[in-house]
Amino acid sequence: MDEATKVGLTTESRPQAGEKWVTFRIWRQESASSPGDFEEFRVPWRKGANVISSLMEIQRNPVNAAGKPTTPVTWDAACLEEVCGSCAMNINGRVRMACSALVDKLEWPITLEPMRKFPMVRDLTVDRTRMFESLKRVKAWIELDGTHNLGPGPRQSQSEQIQRYVLSTCITCGSCLEACPQITQDNDFMGAAPISQVRLFNLHPTGAMHAEDRLHGLMGPGGIQDCGKAQNCVQVCPKEIPLTTSIAAMNRDVTKLVVKDLFFKDKETETAVGGPA
Ligand code: SF4
Ligand code: FES
(Lines give C-alpha, C1' and ligand atoms only; values in the text may rest on other atoms or scores of the structure.)
(Ligands and ions follow the chains in the order given, each with its own letter.)
Protein backbone atom coordinates (compact mmCIF):
# COMPACT_ATOMS: atom_id res chain seq x y z
CA MET A 1 0.00 0.00 0.00
CA ASP A 2 1.45 3.40 -0.89
CA GLU A 3 1.93 6.13 1.74
CA ALA A 4 -1.00 8.27 0.51
CA THR A 5 -3.44 5.34 0.68
CA LYS A 6 -2.10 4.35 4.09
CA VAL A 7 -2.82 7.76 5.64
CA GLY A 8 -6.18 7.96 3.87
CA LEU A 9 -5.57 10.93 1.54
CA THR A 10 -8.18 11.79 -1.08
CA THR A 11 -7.10 11.87 -4.73
CA GLU A 12 -6.85 15.71 -4.72
CA SER A 13 -4.67 15.93 -1.63
CA ARG A 14 -2.18 13.23 -2.68
CA PRO A 15 1.35 14.51 -3.26
CA GLN A 16 2.56 14.33 -6.84
CA ALA A 17 5.25 11.84 -7.77
CA GLY A 18 8.57 12.89 -6.23
CA GLU A 19 6.97 15.22 -3.65
CA LYS A 20 8.10 15.03 -0.04
CA TRP A 21 6.32 13.97 3.14
CA VAL A 22 6.74 15.68 6.48
CA THR A 23 6.59 13.65 9.67
CA PHE A 24 5.02 15.19 12.77
CA ARG A 25 5.36 13.74 16.27
CA ILE A 26 2.38 15.15 18.14
CA TRP A 27 1.59 14.95 21.84
CA ARG A 28 -1.78 13.26 22.35
CA GLN A 29 -3.60 13.45 25.67
CA GLU A 30 -7.32 13.13 26.06
CA SER A 31 -7.61 15.16 29.27
CA ALA A 32 -5.56 16.51 32.15
CA SER A 33 -6.05 13.28 34.09
CA SER A 34 -5.35 10.78 31.30
CA PRO A 35 -1.87 9.61 30.30
CA GLY A 36 -0.28 11.18 27.23
CA ASP A 37 2.10 10.02 24.52
CA PHE A 38 3.37 10.99 21.08
CA GLU A 39 1.57 9.91 17.92
CA GLU A 40 3.20 10.17 14.50
CA PHE A 41 1.55 11.63 11.42
CA ARG A 42 2.75 11.97 7.83
CA VAL A 43 1.65 15.04 5.88
CA PRO A 44 2.42 15.75 2.20
CA TRP A 45 4.89 18.63 1.88
CA ARG A 46 3.25 21.83 0.66
CA LYS A 47 5.08 25.01 -0.37
CA GLY A 48 4.74 27.67 2.36
CA ALA A 49 3.02 25.31 4.83
CA ASN A 50 3.16 26.24 8.48
CA VAL A 51 2.46 24.15 11.57
CA ILE A 52 -1.20 25.18 11.78
CA SER A 53 -1.90 24.43 8.10
CA SER A 54 -0.28 21.01 8.63
CA LEU A 55 -2.48 20.41 11.69
CA MET A 56 -5.48 21.31 9.54
CA GLU A 57 -4.35 18.74 6.98
CA ILE A 58 -4.18 16.13 9.76
CA GLN A 59 -7.62 17.23 10.96
CA ARG A 60 -9.03 16.53 7.48
CA ASN A 61 -7.46 13.04 7.52
CA PRO A 62 -7.09 11.87 11.12
CA VAL A 63 -5.05 8.80 10.19
CA ASN A 64 -1.69 8.27 11.89
CA ALA A 65 1.60 7.28 10.24
CA ALA A 66 0.84 3.61 10.86
CA GLY A 67 -2.33 3.98 8.78
CA LYS A 68 -4.64 3.75 11.81
CA PRO A 69 -7.66 6.09 12.01
CA THR A 70 -7.40 8.20 15.15
CA THR A 71 -9.10 11.15 16.83
CA PRO A 72 -8.42 14.59 15.27
CA VAL A 73 -5.68 16.53 17.05
CA THR A 74 -6.91 19.43 19.21
CA TRP A 75 -5.11 22.78 19.20
CA ASP A 76 -5.91 26.47 19.62
CA ALA A 77 -5.61 29.08 16.87
CA ALA A 78 -7.70 32.02 15.72
CA CYS A 79 -6.02 34.86 13.82
CA LEU A 80 -3.37 32.84 11.94
CA GLU A 81 -1.18 35.96 11.86
CA GLU A 82 0.53 36.12 15.26
CA VAL A 83 -1.99 38.49 16.77
CA CYS A 84 -4.34 36.50 19.01
CA GLY A 85 -1.64 34.61 20.91
CA SER A 86 -3.63 31.38 21.17
CA CYS A 87 -1.44 29.02 19.13
CA ALA A 88 1.67 29.04 21.35
CA MET A 89 3.10 25.54 21.72
CA ASN A 90 6.45 23.80 21.99
CA ILE A 91 7.79 23.12 18.51
CA ASN A 92 10.93 21.02 18.42
CA GLY A 93 11.40 21.79 22.09
CA ARG A 94 11.09 25.58 21.86
CA VAL A 95 7.97 27.58 22.62
CA ARG A 96 6.73 29.58 19.62
CA MET A 97 3.66 30.53 17.64
CA ALA A 98 2.47 27.66 15.45
CA CYS A 99 0.84 29.95 12.88
CA SER A 100 4.13 31.60 12.00
CA ALA A 101 6.31 28.48 12.25
CA LEU A 102 7.08 27.53 8.65
CA VAL A 103 7.58 23.83 8.01
CA ASP A 104 10.53 24.50 5.71
CA LYS A 105 12.33 26.46 8.41
CA LEU A 106 12.02 23.66 10.99
CA GLU A 107 14.05 20.52 11.50
CA TRP A 108 12.15 17.36 10.49
CA PRO A 109 10.53 15.33 11.99
CA ILE A 110 8.65 18.14 13.67
CA THR A 111 7.74 17.55 17.30
CA LEU A 112 4.70 19.36 18.70
CA GLU A 113 3.98 19.49 22.42
CA PRO A 114 1.64 21.66 24.48
CA MET A 115 3.03 24.35 26.76
CA ARG A 116 3.90 22.57 30.00
CA LYS A 117 3.52 25.46 32.46
CA PHE A 118 -0.24 25.68 31.92
CA PRO A 119 -2.93 23.12 32.81
CA MET A 120 -3.59 20.59 30.05
CA VAL A 121 -6.97 20.69 28.33
CA ARG A 122 -6.41 18.24 25.46
CA ASP A 123 -3.53 17.41 23.08
CA LEU A 124 -1.93 20.79 22.25
CA THR A 125 -4.58 22.91 23.98
CA VAL A 126 -3.85 24.37 27.40
CA ASP A 127 -5.68 26.65 29.80
CA ARG A 128 -4.06 30.12 29.90
CA THR A 129 -6.44 31.55 32.55
CA ARG A 130 -3.44 32.14 34.84
CA MET A 131 -2.24 34.95 32.57
CA PHE A 132 -5.59 36.72 32.42
CA GLU A 133 -5.97 36.50 36.21
CA SER A 134 -2.56 38.18 36.58
CA LEU A 135 -3.66 40.99 34.25
CA LYS A 136 -6.68 41.53 36.52
CA ARG A 137 -4.45 41.52 39.59
CA VAL A 138 -2.24 44.31 38.23
CA LYS A 139 -5.19 46.27 36.81
CA ALA A 140 -3.82 46.19 33.27
CA TRP A 141 -6.25 48.76 31.91
CA ILE A 142 -6.92 52.49 32.14
CA GLU A 143 -9.89 53.64 34.22
CA LEU A 144 -12.10 56.09 32.38
CA ASP A 145 -15.09 57.97 33.69
CA GLY A 146 -17.67 57.41 30.97
CA THR A 147 -20.39 59.59 32.54
CA HIS A 148 -19.45 62.73 30.63
CA ASN A 149 -17.44 63.86 27.64
CA LEU A 150 -13.84 64.00 28.75
CA GLY A 151 -12.60 65.78 25.66
CA PRO A 152 -9.29 64.85 24.08
CA GLY A 153 -6.90 62.92 26.30
CA PRO A 154 -3.50 64.24 27.35
CA ARG A 155 -0.92 64.39 24.60
CA GLN A 156 1.91 61.89 24.50
CA SER A 157 5.33 62.76 23.21
CA GLN A 158 6.62 60.79 20.26
CA SER A 159 9.33 59.19 22.39
CA GLU A 160 6.64 58.02 24.86
CA GLN A 161 4.60 56.63 21.98
CA ILE A 162 7.60 54.75 20.61
CA GLN A 163 8.45 53.37 24.03
CA ARG A 164 4.87 52.29 24.71
CA TYR A 165 4.11 50.90 21.25
CA VAL A 166 6.30 47.82 21.51
CA LEU A 167 4.93 47.10 25.01
CA SER A 168 1.40 47.27 23.59
CA THR A 169 2.11 44.47 21.12
CA CYS A 170 1.92 41.76 23.81
CA ILE A 171 -0.48 39.06 22.61
CA THR A 172 -0.75 37.23 25.97
CA CYS A 173 0.55 34.09 24.26
CA GLY A 174 2.24 32.75 27.40
CA SER A 175 5.58 31.99 25.74
CA CYS A 176 7.44 34.09 28.32
CA LEU A 177 5.85 32.09 31.13
CA GLU A 178 6.55 28.79 29.42
CA ALA A 179 10.25 29.60 29.10
CA CYS A 180 10.61 30.94 32.66
CA PRO A 181 12.33 28.52 35.07
CA GLN A 182 10.64 30.25 38.02
CA ILE A 183 7.19 29.20 36.83
CA THR A 184 5.62 25.86 37.61
CA GLN A 185 2.01 24.76 37.51
CA ASP A 186 2.07 24.67 41.33
CA ASN A 187 3.25 28.20 42.04
CA ASP A 188 1.69 31.55 41.31
CA PHE A 189 4.52 33.67 39.91
CA MET A 190 2.89 35.94 37.34
CA GLY A 191 5.82 35.98 34.88
CA ALA A 192 7.08 38.74 32.61
CA ALA A 193 4.00 39.65 30.55
CA PRO A 194 1.85 41.26 33.28
CA ILE A 195 4.90 43.07 34.69
CA SER A 196 5.54 44.58 31.27
CA GLN A 197 1.86 45.53 30.99
CA VAL A 198 2.15 47.52 34.23
CA ARG A 199 4.96 49.48 32.61
CA LEU A 200 2.80 50.06 29.52
CA PHE A 201 -0.15 51.46 31.46
CA ASN A 202 1.94 53.39 34.00
CA LEU A 203 3.72 55.19 31.16
CA HIS A 204 0.38 56.43 29.84
CA PRO A 205 -0.42 59.97 31.07
CA THR A 206 -3.95 58.96 32.14
CA GLY A 207 -2.95 55.48 33.29
CA ALA A 208 -0.27 57.04 35.51
CA MET A 209 -3.05 58.22 37.87
CA HIS A 210 -3.40 54.59 39.04
CA ALA A 211 0.28 53.69 38.79
CA GLU A 212 0.55 52.87 42.49
CA ASP A 213 -2.44 50.51 42.37
CA ARG A 214 -0.73 48.56 39.60
CA LEU A 215 2.60 48.54 41.43
CA HIS A 216 0.84 47.22 44.54
CA GLY A 217 -0.49 44.46 42.28
CA LEU A 218 3.11 43.51 41.52
CA MET A 219 3.94 43.13 45.22
CA GLY A 220 3.28 40.12 47.40
CA PRO A 221 3.30 36.37 46.71
CA GLY A 222 3.65 35.55 43.03
CA GLY A 223 4.71 39.12 42.30
CA ILE A 224 7.78 40.72 40.77
CA GLN A 225 10.12 39.66 43.57
CA ASP A 226 9.78 36.03 42.42
CA CYS A 227 11.63 36.84 39.18
CA GLY A 228 14.95 34.94 39.16
CA LYS A 229 16.39 37.06 36.32
CA ALA A 230 16.99 34.05 34.07
CA GLN A 231 16.15 36.27 31.06
CA ASN A 232 14.62 33.38 29.09
CA CYS A 233 11.42 35.39 28.61
CA VAL A 234 13.03 38.01 26.42
CA GLN A 235 14.53 35.35 24.16
CA VAL A 236 11.24 33.67 23.28
CA CYS A 237 8.84 36.63 23.06
CA PRO A 238 7.45 36.57 19.50
CA LYS A 239 6.99 40.36 19.63
CA GLU A 240 10.52 41.05 20.84
CA ILE A 241 9.23 43.05 23.78
CA PRO A 242 12.12 44.24 25.98
CA LEU A 243 10.83 42.25 28.93
CA THR A 244 13.96 42.39 31.05
CA THR A 245 14.02 46.19 30.71
CA SER A 246 10.38 46.26 31.83
CA ILE A 247 11.13 44.03 34.81
CA ALA A 248 14.10 46.19 35.85
CA ALA A 249 12.04 49.39 35.51
CA MET A 250 9.12 48.00 37.49
CA ASN A 251 11.48 46.61 40.14
CA ARG A 252 12.81 50.14 40.67
CA ASP A 253 9.30 51.60 40.89
CA VAL A 254 8.12 48.90 43.29
CA THR A 255 11.15 49.44 45.53
CA LYS A 256 10.48 53.20 45.66
CA LEU A 257 6.85 52.52 46.50
CA VAL A 258 7.76 50.06 49.26
CA VAL A 259 9.91 52.79 50.88
CA LYS A 260 7.14 55.36 50.42
CA ASP A 261 4.55 52.99 51.90
CA LEU A 262 6.83 52.36 54.89
CA PHE A 263 7.42 56.07 55.41
CA PHE A 264 3.74 56.93 55.31
CA LYS A 265 2.84 53.96 57.49
CA ASP A 266 5.35 55.21 60.09
CA LYS A 267 3.88 58.71 59.86
CA GLU A 268 0.37 57.33 60.36
CA THR A 269 1.52 55.24 63.34
CA GLU A 270 3.26 58.25 64.91
CA THR A 271 0.15 60.38 64.47
CA ALA A 272 -2.05 57.62 65.96
CA VAL A 273 0.13 57.33 69.10
CA GLY A 274 0.45 61.09 69.50
CA GLY A 275 4.09 61.34 68.32
CA PRO A 276 5.50 63.96 65.98
CA ALA A 277 2.95 64.91 63.31
S1 SF4 B 1 5.35 39.35 26.64
FE2 SF4 B 1 5.79 38.35 24.65
S3 SF4 B 1 5.97 36.17 25.17
FE4 SF4 B 1 4.99 37.16 26.92
S5 SF4 B 1 2.80 36.92 26.58
FE6 SF4 B 1 3.37 38.92 25.69
S7 SF4 B 1 3.85 38.47 23.55
FE8 SF4 B 1 3.83 36.50 24.59
S1 FES C 1 -3.31 31.85 15.53
FE2 FES C 1 -3.30 33.79 16.50
S3 FES C 1 -1.25 34.02 17.10
FE4 FES C 1 -1.22 32.15 16.01
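1. In this model, which is a predicted one, strands E1 and E2 form a hairpin, with 6 residues lying between the two strands. The pairing of E1 (residues 21–29) with E2 (residues 36–44) is antiparallel and extends over 9 bridges, and within it Thr-23 has Arg-42 of E2 as its bridge partner.

2. Strand E1 is also joined to strand E5 (residues 110–113), in this case by 3 bridges and with the two strands running parallel. For a reader who wishes to locate this pairing in the structure, Ile-26 is a convenient place to look, since the residue standing opposite Ile-26 in E5 is Leu-112.

3. Turning to the ligand, 15 residues surround ligand 1, and those that come nearest are Cys-170, Cys-173, Cys-176, Ala-193 and Cys-237. Two elements, helix H5 (175–179) and helix H6 (192–202), each give two or more residues to this shell, and the largest share, 3 residues, comes from H6. By residue class, the shell around ligand 1 divides into 10 nonpolar, 4 polar and 1 charged.

4. A separate remark concerns Thr-255, which has its place in helix H9 (residues 243–272). Is Thr-255 buried, exposed or partly exposed? With 13 other C-beta atoms within 10 Å, Thr-255 is classed as partly exposed, because a residue counts as exposed at 12 or fewer such atoms and as buried at 20 or more. Thr-255 and Met-219 are 36 residues apart in sequence, while their C-alpha atoms are 9.6 Å apart in space.

How values were computed
Residues are numbered from 1 along each chain as its sequence is written. Chains are lettered from A and ligands numbered from 1 in the order in which they are written. This is a predicted model: local features need pLDDT of at least 70, side-chain atom pairs count only at pLDDT 80 or more; totals for chains, interfaces and linings use all residues. A residue is near a molecule or strand if its C-beta atom, placed from the backbone, lies within 6 Å of it. Helices (H or I, at least four residues) and strands (E, at least two) are DSSP runs, numbered from the N terminus. Ala, Val, Leu, Ile, Met, Phe, Trp, Tyr, Cys and Pro count as nonpolar, Asp, Glu, Lys and Arg as charged, and the others, Gly among them, as polar. Two strands pair if DSSP finds at least two bridges between them.
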